[in-house]
Amino acid sequence: MPELKDLAALGTSWALTLWDALPIFLAIEAALAILVLVAVPARARHAAWLYSGALLVGGAIYLLAFESALLW
């Protein structure tokens with residue numbers, strides 16, 4: 001990440017960072033979807049699916065696993 005004084009490169013830096021993080025984030029979301037389909041009973045599946053999407057569980061797992069410095 002460039003320093004904040006290098007504003008010309010800041011947009012490119014953020015775009016590349018997001019591009020690098022996207023496959024990992026999508027893999028976590030796919031794993032959560034499979035977990036919901038396999039582990040959650042059929043009656044509660046719809047509610048679990050809505051809660052996992054509304055609470056952004058995949059994003060929280062990604063931040064805890066890879067970018068925990070952003071949380072503290």
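From the N terminus on, the elements of the protein follow the order α-α-α. The secondary structure amounts to three helices and zero strands. The model is predicted. Its pLDDT averages 79, and 82% of the residues score at least 70. Among the elements, helix α2 has the highest mean pLDDT, 87. Helix α1 has the lowest, 80. Where pLDDT is low, the predicted coordinates should not be read in detail.

The protein has 72 residues, and 15% of them count as buried. The accessible surface comes to about 5,800 Å². Carbon and sulfur atoms account for 73% of that surface. Contacts were also sorted by separation along the chain. Among contacts with a separation of 6 or more, 50% join residues 24 or more positions apart.

Helix α1 covers residues 7-39, and Leu22 is found there. Leu22 has a relative accessible area of 39%. This value lies between the 20% limit for buried and the 50% limit for exposed, so Leu22 is partly exposed. Leu22 also belongs to a nonpolar surface patch. Trp19 and Leu26 complete the patch, which has an area of about 360 Å².

Helix α2 spans residues 42-54 and has 13 residues. Its length can be checked against expectation. At 1.5 Å a residue, helix α2 should span 18 Å. The expected span counts one less than the number of residues, so 1.5 Å is not multiplied by the full 13. In the model, the end C-alpha atoms of helix α2 are 19 Å apart, which agrees with the expected span. Just after α2 comes Leu56, with a positive phi of about 50 degrees.

Helix α3 runs over residues 57-66 and includes Phe66. The relative accessible area of Phe66 is 47%. This is under the 50% limit for exposed and over the 20% limit for buried, so Phe66 is partly exposed. Leaving aside residues up to four places away in sequence, Phe66 touches Ile24 and Ile28. Phe66 can also be compared in position with Ala21. These two residues are 45 residues apart along the chain. Their C-alpha atoms are separated by 9.3 Å.

Taken by residue, Leu22 in helix α1 is partly exposed and has a place in the nonpolar patch. Phe66 in helix α3 is partly exposed, and its contacts include Ile24 and Ile28.

Key
Residues are numbered from 1 along each chain as its sequence is written. This is a predicted model: local features need pLDDT of at least 70, side-chain atom pairs count only at pLDDT 80 or more; totals for chains, interfaces and linings use all residues. Side-chain values use heavy atoms; hydrogens and water are left out. Patches are made of residues with over 30% relative accessible area and no salt bridge: like charges are joined within 9 Å, nonpolar side chains (Val, Leu, Ile, Met, Phe, Trp, Tyr) within 5 Å. Accessible areas come from the Shrake-Rupley method with a 1.4 Å probe; for residues, only the protein chains shown count as cover. A salt bridge is a side-chain nitrogen of Lys or Arg within 4 Å of a carboxyl oxygen of Asp or Glu. Helices (H or I, at least four residues) and strands (E, at least two) are DSSP runs, numbered from the N terminus. Buried means under 20% relative accessible area, exposed over 50%, partly exposed in between (1.4 Å probe, protein chains only). Contact means heavy atoms within 4.5 Å. pLDDT is the predictor's confidence in each residue, from 0 to 100.
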